[in-house]
Amino acid sequence: MNAPVDRDDPGLQPERTLLSWQRTLILLAVVGLLFMRGSLTNEVDSVLQASPPVRVATAAALLLMCAVLGLHLWWRWRRTGYGTRDPGTGGPPLSVARPWAMALLCSSVLALSAVLVLTVLAGS
């Protein structure tokens with residue numbers, strides 16, 4: 001039988017969590033910028049796309065949300081001593097992101113999905 005593994009570095013799990021949040025935010029920013037792709041004029045195209053003001057507003061909102069969450073994650077990571085301790089208790093840190101951050105991320109993705117679906121339905 002194998003003995004349980006003793007973890008000498010309690011900061012690894014919070015670091016992996018932070019990295020996954022960073023990847024998520026980078027991917028969401030890329031999707032927002034890709035949504036901007038296309039003609040910024042109202043020319044007739046064979047490809048369905050939202051109007052330029054809708055695309056600009058959607059991309060700006062997504063980039064703002066990514067900036068807010070990125071700053072929150074950076075601040076929280078620095079506050080916990082790079083994921084090694086909770087400053088209040090001295091023990092292992094809580095999750096890097098707070099529940100409001102998860103709610104903001106989920107609602108932003110839902111809003112982007114709604115804009116995309118409405119764009120397709122309006123063009124049909």
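I take helices (H or I, at least four residues) and strands (E, at least two) as DSSP runs, numbered from the N terminus. By that reading phenylalanine 35 lies in helix α1.

**Ground rules.** I am working on a predicted model, in which local features need pLDDT of at least 70, side-chain atom pairs count only at pLDDT 80 or more, and totals for chains, interfaces and linings use all residues. Residues are numbered from 1 along each chain as its sequence is written, and side-chain values use heavy atoms, with hydrogens and water left out.

**Overall layout.** I looked up the secondary structure of the protein chain and found three helices and zero strands. From the N terminus the order of elements is α-α-α. For burial I use relative accessible area: buried is under 20%, exposed over 50%, and partly exposed in between (1.4 Å probe, protein chains only). On that scale 27% of the 124 residues in the protein chain are buried. The exposed surface of the protein chain is about 8600 Å², and carbon and sulfur atoms supply 67% of it. These areas come from the Shrake-Rupley method with a 1.4 Å probe; for residues, only the protein chains shown count as cover. I then checked contacts, meaning heavy atoms within 4.5 Å. Among contacts in the protein chain with a separation of 6 or more, 60% join residues 24 or more positions apart.

**Phenylalanine 35.** I went back to this residue of α1. Phenylalanine 35 counts as buried because its relative accessibility is 13%. Leaving aside neighbours within four places in sequence, phenylalanine 35 contacts Ala50, Val54, Arg55, Thr58, Val115 and Leu116. For one of these, threonine 58, I noted the C-alpha separation from phenylalanine 35: 8.1 Å, at 23 residues apart along the chain.

**Helix α2.** I checked the length of α2: 28 residues, reaching 40 Å from the first C-alpha to the last. That is close to the 40 Å expected at 1.5 Å a residue, where the expected span is 1.5 Å times one less than the number of residues. I listed the buried residues of α2 as Pro52, Arg55, Thr58, Ala59, Leu62, Met65, Cys66, Leu69, His72, Leu73, Arg76 and Trp77.

**Nonpolar core.** I count as a nonpolar core a set of buried Ala, Val, Leu, Ile, Met, Phe, Trp, Tyr and Cys residues joined through side-chain atoms within 4.5 Å. The largest such core has 14 residues, of which Trp21, Leu25, Leu28, Met65, Cys66, Leu69 and Leu105 touch the most other members. The elements giving two or more residues to this core are α1 (12–36), α2 and α3. The largest share, six residues, comes from α2. I followed leucine 25 further: not counting residues up to four places away in sequence, leucine 25 touches Cys66, Leu69, Gly70, Leu73 and Leu105.

**Cysteines.** How many disulfides does the structure hold? I found zero, with a disulfide taken as a pair of cysteine sulfur atoms within 2.5 Å. I also looked at the burial of two cysteines. Cysteine 66 counts as buried because its relative accessibility is 11%. Cysteine 106, at 53% relative accessibility, counts as exposed.

**Loop between α2 and α3.** Just after α2, glycine 81 takes a positive phi of about 65°. Threonine 80 is in the loop between α2 and α3, and I record it as buried because its relative accessibility is 6%. Threonine 80 and glycine 90, ten residues apart in sequence, are 9.3 Å apart in space, C-alpha to C-alpha. Proline 87 also lies in the loop between α2 (52–79) and α3 (99–123). Is proline 87 buried, exposed or partly exposed? Proline 87 is partly exposed, since its relative accessible area is 39%. Residues up to four places away in sequence aside, proline 87 touches Arg79 and Thr80.

**Helix α3.** Serine 108 lies in α3 and counts as buried because its relative accessibility is 13%. A polar atom of the serine 108 side chain lies 2.8 Å from the backbone oxygen of leucine 104. Not counting residues up to four places away in sequence, serine 108 touches Leu62 and Met65. Alanine 111 is in α3 as well. At 41% relative accessibility, alanine 111 counts as partly exposed. I noted that alanine 111 and leucine 62 are 49 residues apart in sequence and 9.6 Å apart in space, C-alpha to C-alpha.

Conventions
Polar contact = N/O pair within 3.5 Å; in protein donor to acceptor, adjacent residues only side chain to side chain.
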